[in-house]
Amino acid sequence: MAGIKFNYLKLYKLDTSNEKASLIGEKRFNSATYFLGAFSTELKSLSKLQNKPIQLLDVGALGENYAKEKSWITATAIDLHPTCGFVKQADFFDLPLSGIYNDNPDISVPVDGYDVIALSLVLNFVGDPVKRGEMICKSFSLLKSRLPNSNEEGTESDGSLGGYLYVVIPLPCISNSRYMNEDYYCKIFQASGFKLMASKSSPKLAFHIFRRLTSPPPKASFPKSKLRDGPALNNFTIVL
């Protein structure tokens, strides 16, 4: 993991310990705040409709991000190299589509999938653009294909959607890349079977909340394509 972080810092010119610490600190503070602020009402309603807590997979977690929501969220936190006891050691790519992971009862994928998957500062640490695309597709497969309609307006369109995917990445991955911009980024998720529900950015991070479509879309190809150029741009991209 240390090598991956070094490559990441070099790629985005984050070559000081202060800058690295700032990103980690922002992750700790913002990891769950935006998502819960935007959708806590819907998620609480969903928990009541299902008569059980929300099942949430927190990938790359640094700690217990949903401790205050324990009464209505059951969070499974995983990381390749956990830094606290609450976070379990696991490789997201090796998770089964249902059942127990590597004989570890603490990590059991629900038979019908997760209500929510959080990828906070995770995609950017995956070194291979193709694997980034695979991570998005794996998230689609691990999420519930359909959730009870928890929208207060009861709109039919929301009733045809599945679980939530919450993604946080460094803003320069989108705003300062030769191969990525906001429109292209969202189109990749759309092609992977997701609908954008909300988004925002801070000076350093980009936050997006998607929901899974019930049925997977036709396969689409998103190769590494240069969208702009310049000496100060980075090479972040996602390949489908």
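Two strands count as paired if DSSP finds at least two bridges between them. In this predicted model, seven strands joined in that way form an open sheet, in the order β3-β2-β1-β6-β7-β9-β8. The pairing in the sheet is mixed. At its edges are β3 (88-89) and β8 (194-201), each of which pairs on one side only.

Take the β1 and β2 part of the sheet next. Strand β1 covers residues 54-59 and runs parallel to β2, with six bridges joining the two. One residue pair can be named here: Ile54 has Ile73 in β2 as its bridge partner.

Two helices can be placed against the strands. Helix α6 (residues 182-191) packs on the sheet, where it touches β7, β8 and β9. The direction of helix α6 makes about 30° with that of β9. Helix α4, residues 129-142, lies across β6 (116-120), β7 (161-170), β8 and β9 (205-213). Relative to β6, helix α4 runs at about 160°.

Back in β2, which spans residues 73-79, one can look at Thr74. Leaving aside residues up to four places away in sequence, Thr74 touches Pro53, Ile54, Gln55 and Leu56. Pro53 is 21 residues from Thr74 along the chain, yet their C-alpha atoms are separated by 5.9 Å. Is Thr74 buried, exposed or partly exposed, and what is its relative accessible area? Thr74 has a relative accessible area of 33%, so it is partly exposed: the buried class ends at 20% and the exposed class begins over 50%.

Definitions and conventions. Residues numbered from 1 in each chain as written. Predicted model: local features only at pLDDT ≥ 70, side-chain atom pairs only at ≥ 80, totals over all residues. Heavy atoms only, no water. Helix = DSSP H or I, 4+ residues; strand = E, 2+ residues; numbered from the N terminus. Buried < 20%, exposed > 50% of the residue type's maximum accessible area, 1.4 Å probe, protein only. Contact = heavy atoms within 4.5 Å. Axes fitted to C-alpha atoms, helices over the stretch in contact; angles between N-to-C directions.
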